[in-house]
Amino acid sequence: MQQITTYEHIVNSTSNGVIATDAVGTIVLINPRAAKILDLRKKNVIGARMVDVLPLTGQLVMKCLEKGKPQLGRHIHGKRFNLVV
């Protein structure tokens, strides 16, 4: 039996934290590493708006989605940790 590899399988296997949204900024995927780093529960964030879950990061994500311009390498300095978008 051949197993089909999905984007979720690939993202879940990385050591980096990854959150993915749809075209309107709704979270559709969070891998275990991101959930651990951010102290989030997958069931609580899937379907939530990125700007509601991570306001600073969400603003950059929405800017990218709205204008179609990448926000690569942008640093967000938080109280407990720093993020790179």
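A nonpolar core is a set of buried Ala, Val, Leu, Ile, Met, Phe, Trp, Tyr and Cys residues joined through side-chain atoms within 4.5 Å. The exercises below concern a predicted model.

**Exercise 1.** Determine which residues make up the largest nonpolar core, and which element gives the most to this core.

*Solution.* The largest nonpolar core has nine residues: I27, I30, A34, A35, L38, V45, M50, L54 and V61. Next, consider the elements: β2 (27–30) and α2 (32–38) each supply at least two residues of this core. The greatest contribution is that of α2, with three residues.

**Exercise 2.** Identify the salt bridges of the structure and classify their residues by accessibility.

*Solution.* There are two salt bridges to find. One pairs E8 with K42, with 3.1 Å between the closest N and O atoms. This pair links distant parts of the chain, since E8 lies in helix α1 (residues 7–13) and K42 in helix α3 (residues 42–45), 34 residues apart. Another joins R49 to D52, whose closest N and O atoms are 3.7 Å apart.

For the classification, partly exposed residues lie between the limits of 20% and 50% relative accessible area. E8, at 35%, is therefore partly exposed, and K42 is likewise partly exposed at 42%. R49 is partly exposed at 46%, whereas D52 is exposed because its relative accessible area is 52%.

**Exercise 3.** Locate the patch of positive charge on the surface and place R74 within the fold.

*Solution.* The patch gathers K63, K67, K69 and R74. R74 belongs to the loop between α5 (55–67) and β3 (75–77). Patch residues must have over 30% relative accessible area; R74, partly exposed at 38%, therefore meets this cut-off.

Definitions and conventions:
Residues are numbered from 1 along each chain as its sequence is written. This is a predicted model: local features need pLDDT of at least 70, side-chain atom pairs count only at pLDDT 80 or more; totals for chains, interfaces and linings use all residues. Side-chain values use heavy atoms; hydrogens and water are left out. Patches are made of residues with over 30% relative accessible area and no salt bridge: like charges are joined within 9 Å, nonpolar side chains (Val, Leu, Ile, Met, Phe, Trp, Tyr) within 5 Å. Accessible areas come from the Shrake-Rupley method with a 1.4 Å probe; for residues, only the protein chains shown count as cover. A salt bridge is a side-chain nitrogen of Lys or Arg within 4 Å of a carboxyl oxygen of Asp or Glu. Lys and Arg count as positive and Asp and Glu as negative; His and the chain ends are not counted. The place of a charge is taken as NZ of Lys, CZ of Arg, CG of Asp or CD of Glu. Helices (H or I, at least four residues) and strands (E, at least two) are DSSP runs, numbered from the N terminus. Buried means under 20% relative accessible area, exposed over 50%, partly exposed in between (1.4 Å probe, protein chains only).
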